[in-house]
Amino acid sequence: MTLVRRLLDQAARTPGAVALVAGDGAELTYGELRRQVLAVRHGLLSEGLAPGDGVLFSVRPSPESLVLALGVVAAGGVVVFADPGAGPEMFTARLRLARPRWSAAESVLYAGSRLRPVRAYARRRGLLLPNLAGLQIPGEGPMRHVHVGRRLPGVPRGALPFARLVRGDAPEPERDTGPDAPAAVIFTSGTTANPRAVVHTQGSLAAALELFRSRLPLGPGDVVHTDQLMLGLPTLIAGARWSMPPLFCAPADFARLMRGRGATHTFCVPVHLAEILDAAPELPPAVRYVLLGAAPAPAPILRRAVAAAPSAEVLSVYAMTEILPVAIASAEEKLAHAGSGSGDLLGAPLPGVGTRLAEDGELLLSGPNLCRGYLGADPVSELPTGDLARMDDGRIVLMGRKKDMLIRGKFNLYPGLYEPSIAALPDVAEAAIVGVPDPRTGDEEVVLAVVGPPHLEAGLRRTLPDVIDHDALPDRIVVLDELPRSGRTRKLDRDRLRALVVQGGVTR
C-alpha cells in the first residue's frame, strides 16, 4: 500500500478522533484531514496537475503544509523541496535539474521575493530570495502557483488559493497512484554546477514509516510532539495524535506544550533537546519515548535525557535522507558501548534493511525504504553511505566518515572513531576532531575541540592516553563555549570549526 492510502484508510476508521494539534492549539480531526487531502487532490487535478508534475514546495511546517503535500502526492504529483533560501544561484541550479511545473508557497514568501522593499529587508538579513512569481517552465511559459495564506501584493495573478482548494469537493479516488510513483524530491548537497537530489517513491516512504512503527509502538491515545514530518506521518498512520509545536518555538515553550498536551513521544535533534533540558530539566511523566536523530547523540546528552525522563525509553535513530530509518539504539546500549573506544554504536539494522561492508569498511545499505536514486541518474539498489563501520554481533558500529579522515604520517585517523569516547569523559559536553593541513609535510595538525570547563585541557592531556590510540592523540586541544553548527538539524559544521582553529583565539 502507498503512503497516502495508508493514511486515508486510517482516517476513515477513526474520523472523529483528533489527528493533529497545531502550533496555536487548533485541532484537526482525522475525518476533516481526510476530506481536506481529498479536496486538494481533486482541486489540483481539476486545474490540470498531471501525474509526475513537480511542485516546488516552499511552505513551512503547519497543518496547511501537511494537507497540501499529501494532496499533491495523492494527485500523482511530486513534492520538490528546493529551499528558496539557498541563494539564487543554487536555487536556479536546483530548478534546472528538477524542472517543476508548479510552485506552492506562502503568500508572504511570494511578497518577500517580489516586492523591492521586502527584498531589500531580506537581503540586509542575509536572505537572498528568488523571484518565485516569475518562475518559468522551460520552453512553455510561467509556472502554475498555489499560495497559502491570504493574498498579498506579489502573489502571482491566477495563483490558486489553498483555502479555496480545501473547501472544494472531495470525491473518493477511482484509483491510487502506484507504489513506484515518485512522491518527493529532496535536495541534499552538491554544487551549483552539480546539485544533488534524492528521489523517494510512495513505496519507499511507506516502507520507511512502517520501519519506524516496527520499533516505536504507536497507537490511538498516544501523543507525539514534534515538528518532524517523518515522525508525524507514522503517528497519523497509527491513529495517534500529532502535536505540532509552533514555528520558532522556544525550548521552554516546547517543554510546556509537551506537558499541557499530554505528550507520550517526542523527537528532537540532540542539540535542541539539550536546550529544552536547560529550560526544563525534567520531562513530563507521561513521556514514554524520547527519540533523537538527524545528528549524532553525544553521551552527555544521552545521560541528561535518561535523567530527565527516567521512566521513558531514550532512543537514537540512525538514518540518511536516502534511506530512513536504518537502525535505532537505546541510550543504555550506546552509553555502555561509549567507553569501549571502538566507535559509535548505531544498533541492529531494522527489519528488511540490508547491510554490507565494502573492502575499505564503507557501509553499504539496501532495503524497501531505499530511495529510487538521485534525480537525473540511474536507479540504485544499494547505497554507499560514506560511513565507515564494523559489525558487532549483528549491530552496526560507526567508525567515522570517509571524507573526515585525517592523515598523520602512515596513520589514518577517523574522528568518528574517537569522538564518542572523548565525549563520554567527565566534564566533556561535546568533542570534535579536525585537521589543519601542514603545507610543509602534507600531514595534518590534529586539533581536538571540546566543550566544557576552562580547566579541561590539562585533565584531558592526562586522561586521553588511556582512552584513545597513541597515534590519535591531538597536537592541540581547544576549549570552546560551543561547537559551530548549521542548518535546521544543527549539524556540526567541521569547516567552520576548522576555520576557527586556523584563526586562533578560540581557547578560553
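How many aromatic pairs does the structure hold? Just one, and the close-ups below, taken from a predicted model, begin with that pair.

**View 1. The F57–F81 ring pair, edge-to-face.** The ring centres of F57 and F81 sit 5.8 Å apart. Their planes meet at 70 degrees, and since anything over 60 counts as edge-to-face, that's the label this pair gets. Sequence-wise, the two partners are 24 residues apart, so to speak bridging distant parts of the chain: F57 belongs to strand β3 (residues 54-58), while F81 belongs to strand β4 (residues 78-81).

**View 2. How buried or exposed the two partners F57 and F81 are.** F57 has a relative accessibility of 7%, so this ring's residue counts as buried. F81 comes in at 30%, so F81 counts as partly exposed.

**View 3. R196 over the face of Y374.** Here a charged side chain meets an aromatic ring: R196 lies 4.0 Å from the ring centre of Y374.

**View 4. The second largest pocket, about 330 Å³ in volume.** Lining this pocket are 17 residues, and V271, A274, E430, E482 and R485 are the closest to its centre. Two elements each give two or more residues to the lining, namely α11 (270-279) and α12 (299-308). Helix α11 provides the largest share, with four residues.

**View 5. What the lining of the second largest pocket is made of.** Nine of the lining residues are charged and eight are nonpolar. Polar residues? There are none in this lining.

Terms used
Residues are numbered from 1 along each chain as its sequence is written. This is a predicted model: local features need pLDDT of at least 70, side-chain atom pairs count only at pLDDT 80 or more; totals for chains, interfaces and linings use all residues. Side-chain values use heavy atoms; hydrogens and water are left out. Rings of Phe, Tyr and Trp (its six-membered ring) pair if their centres lie within 6.5 Å; planes under 30 degrees apart count as stacked, over 60 as edge-to-face and the rest as tilted. Buried means under 20% relative accessible area, exposed over 50%, partly exposed in between (1.4 Å probe, protein chains only). A charge sits over a ring if NZ of Lys or CZ of Arg is within 6 Å of the ring centre and within 35 degrees of the ring normal. On a 1 Å grid over the protein atoms alone, a cavity is a set of points where a 1.4 Å probe fits but cannot get out, and a pocket is an open set with protein on both sides within 12 Å along at least five of seven lines; lining residues have an atom within 4 Å of a point. Grid points are joined across faces, edges and corners, and a volume is the space filled by probe spheres set on the points. Ala, Val, Leu, Ile, Met, Phe, Trp, Tyr, Cys and Pro count as nonpolar, Asp, Glu, Lys and Arg as charged, and the others, Gly among them, as polar.
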